[in-house]
Each structure stands twice: as C-alpha cells, then as structure tokens.
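I opened my notebook to get to know a new structure. Here is what I looked up, entry by entry.

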2 protein chains.
Amino acid sequence: MGTVSKALSLLAYFNHGRTGIGLSDLTRLSGMNKATVYRLMSELQETGFVEQTGSDRSYRLGPQLLRLAALREAAVPILSVSRQVLRELSDETGETTHLSLLQGSQLNSLSHAYSPRNATRVMMEDAKVLTFHGTSSGMAVLAFAEPDFAETILSQPLEARTPETLTDPERIRAQLDGIRKSGIAVSVGGFEEDVHSHAVPIFDPDRKVIGALAVAAPASRMTAEQKQLIPAALRRAGATLTYRIGGSAPAGFPQDETA
Amino acid sequence: MGTVSKALSLLAYFNHGRTGIGLSDLTRLSGMNKATVYRLMSELQETGFVEQTGSDRSYRLGPQLLRLAALREAAVPILSVSRQVLRELSDETGETTHLSLLQGSQLNSLSHAYSPRNATRVMMEDAKVLTFHGTSSGMAVLAFAEPDFAETILSQPLEARTPETLTDPERIRAQLDGIRKSGIAVSVGGFEEDVHSHAVPIFDPDRKVIGALAVAAPASRMTAEQKQLIPAALRRAGATLTYRIGGSAPAGFPQDETA
DNA sequence: AACCAAAGGTTCGCATAATGAACCGTTTGA
DNA sequence: TCAAACGGTTCATTATGCGAACCTTTGGTT
C-alpha cells in the first residue's frame, strides 16, 4: 500500500460515533507507527482534509471535503437529483425513503427523505455503512453487481444484526436470483427489527449498478395495500432516477409495465 | 512537499469548468512527471477520491468525497444549519443569499438560496473561489481574520475583475478598518458588475472567523429602503448562524442593537 | 506538591518506496 | 496511411517515508 492510500485510509476511522480522534487513538486503530500517523495527519491537515480542534488536539474531518463534494456534485449531480426523487417517493408512499451508493466495496446511505404523513417513521442517517446481506438496498445492489463482486462479499463472514438476518450464503444466492427476476428486493427486519423495506438498483451510463433507492416502513404499517403501492412507486422512481443521472438499466433488467 | 500533499494537490485542478481531466492534461497542469501523476491518481482512485469515466479515460472527483463530506457535516453541521438561515434571509430580503467558508487561505462559496420574489436574481454556484478583495464576503472575512493573514493576502498581486474592483492595498486597509467598526462589509460591482452585496463574518467557538454570510442584489434594486432592510436582516442572520454552530463573536465585535 | 501515566510531538539513521527518462501499445484525426 | 498524442509501464537511482527511542506537556492521583 502506497503512502497516499495509507494516509487516506486513516480517514476511514471517522464515523458518526467517532467524529474526533486523537493521535494515540488513531495510532492504535490503524496499527501504524505514531510518527507515521502524525506525519500523515499533518499532511492531511495542510490540505484541509482534516483539522485539529482547538480544545483538545483531536482530529476531525476538514472543510476541504465540503468543497470537493460540492464539485463532485457539480460534475455528477446524483445527490441533488435524488433529493427531488426521494421527496416525491416519500410523499407518494407516506414512508421514509433513502438512496445508498456503492463506494469501492462498501455501500453507504447518502441521502434520505421523510414523509410527514405518519408520526412514527423509520429514521435514517447519511454516510452510514449498510451491510449487503440483510438490507434490501444491499441485496438489490448485489443482485445486479458483477458476479465476482457478489461472491467476494458472500465469501466473507456474514454477521447477523437481528435474529431475522439471513446469513447462509446459499439462501442469499437463491434470494438474489429472485431479485434479478423481479427487479426489486424486499427485506423484513434484516437490519433493524420491525423495519420492512423495499429497494431497487440504480444504474450508471455504463449500465453498471451504482447504488439503490429504497423505501423503509415500520413493519406494522405494511398493509396489503401498501405492499402493492410501494413496489410500484419504487420501480417508477428508480427508473426515473437512473434516467435523470444519464444511466440505463442493463439488458435483461425486468421492465415492470404492470404498474 | 510530501507525497500525500502532492497527490491531494492534484484534486485542486478540478473545478466547475473542468470536471474531467485526462492523464496528460493533469501532467501538464501539475508540472509533475507523467508516471508520478499516474501512480498518484491510481492511488486516489483505489480509495474512491477520483474515478475514471468509462468513455474516455479521464479522471473526475469520486464518490468517496460525498461520504466524507456527509460525515464532516454530521460532526460540524454548518451547511445544514446554514440552509435554513439562508432560506429565511432570502425570504426576508427578497434577494440571493450565500455562505462562504474559509478553507486554508481560500474562500469558497458553499451554499446559497434564492428568493422567488423577483424574476431577476444574482445567480450563485457552490464551490466557487471568491477573491478577498472585491467581494463583500472576502472583505468581511479579512477584516476579522488574523492581521498576518490579511497582510499576506494584500501583499499578493490583486487582480481587478471589474473596473470597480479596488486593488490598492492601502485603500483596502482603510475599508477593512471601517468594516471592523461597523461589523458589515459592502461591495458594489467589485466581483460581478451590477451586483451590490453585503456580508457579515461568521465565527467558530474559538471566536475565529470561519467565513461569511452575504446578500447579493442587482444594483438596480438597491433602493434606500433595501439599503436599510438588508444590513439589519443580515446582521441578525449572521448572529443566528454563528450562534447555531456554537460559535461566538470576538470581543469588540460591534453589536448593532439598533436593528 | 510530588508523582505517574498517557497524551501530543520530535529526532535521526536506515531502508523502503517514490521518482522520471525512456519505452510500449492504442487511439485519433489530418 | 501515418504521425502525434494518448494512457499506461519499466527499472535503475535516490529521495522519501519509516519507526524506535526520546522529549514535553497535560491531567489526574496520592
């Protein structure tokens, strides 16, 4: 691993639960030498990718990221485009909707919308890591990713987040086959208990899957009517989003024209 | 300059006008060796900071930035907090408002809001670089930054973007004194012609200036009434924003209680 | 107030990892 | 049809990053 990768890998230790990390903690987390971590962080600081807080001297992610993310959005406006799609889909279904994108071999939630219709909602946080197994978004992505990629993911140990999480690779493969046929993934309580969610894959101009659009509802609200309405609305919204970002579904992606 | 800084400095060549850059262009722009640029970009690509488009093989900013920016926002929610403040300020003034943040020694526009009240508006783009001289935001920041910082900026050649741009360091220093007294900066056509803008500084918990909040209006709409209303509303909004992000104005910052 | 432990930060000889001139194979367009 | 420009690769040279050990500061305990 080159020096640059090493430095950037340090940024991966930041998350919602740990927004500030001191030098020693970062040394322990990364397993690198303290002097190395110090030098790398100093360089990241010079370039504004991290900053040190005035109070203690712990590091946190820096403002330069905001600028670069805004430029990324200007070049590839997935998030800005998705916001409208998410809002409309939330309005239509009365439930929480979210978009997750594939980044390397990791799936991250990146944008979401709530519906004001119901007092109880599934809550979402942006920049959270989603597992592939056990989330409808993850399954939707896996089903349409390169077969090698799916196999790599399934060959790793699969943790059960809830008693409902499916962890047997063989049964997951069977589900993926079903998703490839239907074009939509369903998960009941596989990531958070009592959450029933649907997801469809999103494709880029090269017809590669880049993420998933999902609707998450409290299981108690999934009436027969909602079980009809949500998948139909979600398919339409997914097709719209893929289209708006200039993408296209791969040959063989099920076109559900019954909706 | 270390390898990490070198790699990250390559990202600085991306901007609104140039969202995709090929290997050879990047080599020319950076003045580095082609093999070096190639290796650095390969590492940035591995970590998702850039990606290569399928069509030509040019690089563009990568999706990892979205994730990290979202985490930065989770830690320091300046943008999300500002959005509400910007919207309210736009509603109140009927004009375009924007927030810019200091990143290193560069001031960048990062968030904005329009008012639907008028058909003609000052248009804004996020992630644009603002000059310090000639923009009200830049002057507001300079006036309350460390004196060394202001002097460093003023000692560099100051480009005149319009005939109205003030480029004489001595006259700029005089203006800065005035801004320190009044707590608000005004610029008429210094960055874009026919744009009249006001700006106030925003402070962090260490009472350091981190950026500026601004209202930009077509010069033709700046009636005597607006010249009263806008500064008053802007001062209130600036104080609110500084407060909401946990910041405080430094001792001696003019508290305009006449509003 | 004396002590200790753990924090952030620094030093310096050594060896690894970055460098760049020159070199491929492809693509493009004159 | 051919040359120029592209992305990508090689390999000897050496600059650069590395880590054990060492400071200095900080905050809590006795």
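These entries go through the chain contacts, the two DNA strands and the empty space inside.

**Entry 1: what kind of model**

I began by noting that this is a predicted model. I keep that in mind for everything below.

**Entry 2: the two protein chains**

How many residues of chain B are in contact with chain A? I found 46 residues of chain B in contact with 46 residues of chain A. I then looked up the buried area, and chains A and B bury about 3900 Å² between them. Carbon and sulfur atoms carry 70% of that area. On the chain B side, I noted B:Leu66, B:Arg67 and B:Arg72, which supply 19% of the area that chain B buries against chain A, more than any other three residues.

**Entry 3: DNA strand C**

Which residues come nearest to DNA strand C? I counted 18 residues around DNA strand C, and the nearest are A:Thr3, A:Ser24, A:Lys34, A:Tyr38 and B:Asn33. I also checked which part of the strand they meet: of the strand C atoms within 4 Å of the protein, 67% belong to sugar or phosphate, and the rest to bases.

Next I looked at single contacts. The side chain of B:Lys6 has a polar atom 2.9 Å from a phosphate oxygen of DNA strand C. For A:Gln52, a side-chain N or O atom is 3.3 Å from a phosphate oxygen of that strand. B:Asn33 gave me a contact with a base: a polar atom of its side chain lies 3.5 Å from a base nitrogen of DNA strand C.

I then asked where these surface residues sit. Helix H2 (23-30) and H3 of chain A, along with helix H1 (3-10) and H3 of chain B, each supply at least two residues of the surface near DNA strand C. By class, I wrote down five nonpolar, eight polar and five charged residues for this surface.

**Entry 4: DNA strand D**

I turned to DNA strand D and found 18 residues surrounding it, the closest being A:Asn33, B:Thr3, B:Ser24, B:Lys34 and B:Tyr38. Sugar and phosphate make up 68% of the strand D atoms that come within 4 Å of the protein.

I listed three phosphate contacts here. A:Thr36 has a polar side-chain atom 2.8 Å from a phosphate oxygen of DNA strand D. A side-chain N or O atom of B:Arg28 is 3.1 Å from a phosphate oxygen of this strand, and for A:Arg39 the distance is 3.4 Å. Two or more residues of the surface near DNA strand D come from each of helix H1 (3-10) and helix H3 (34-46) of chain A, and helix H2 (23-30) and helix H3 (34-46) of chain B. The classes on this surface are five nonpolar, eight polar and five charged.

**Entry 5: empty space**

How many cavities of 30 Å³ or more does a search of the whole structure find? I noted one. The largest cavity holds about 30 Å³ of space. Its lining is made of A:Phe14, A:Asn15, A:Thr19, A:Leu61, B:Leu71 and B:Ala75. I sorted that lining into four nonpolar, two polar and no charged residues.

How values were computed:
Residues are numbered from 1 along each chain as its sequence is written. Chains are lettered from A and ligands numbered from 1 in the order in which they are written. This is a predicted model: local features need pLDDT of at least 70, side-chain atom pairs count only at pLDDT 80 or more; totals for chains, interfaces and linings use all residues. Side-chain values use heavy atoms; hydrogens and water are left out. A residue is near a molecule or strand if one of its heavy atoms lies within 4 Å of it. A polar contact is a pair of N or O atoms within 3.5 Å; within protein, one must be able to donate a hydrogen and the other to accept it, and residues adjacent in sequence count only if both atoms are side-chain atoms. Helices (H or I, at least four residues) and strands (E, at least two) are DSSP runs, numbered from the N terminus. Ala, Val, Leu, Ile, Met, Phe, Trp, Tyr, Cys and Pro count as nonpolar, Asp, Glu, Lys and Arg as charged, and the others, Gly among them, as polar. On a 1 Å grid over the protein atoms alone, a cavity is a set of points where a 1.4 Å probe fits but cannot get out, and a pocket is an open set with protein on both sides within 12 Å along at least five of seven lines; lining residues have an atom within 4 Å of a point. Grid points are joined across faces, edges and corners, and a volume is the space filled by probe spheres set on the points. Contact means heavy atoms within 4.5 Å. Buried area is the accessible area (1.4 Å probe) that two parts lose on being put together, summed over both.
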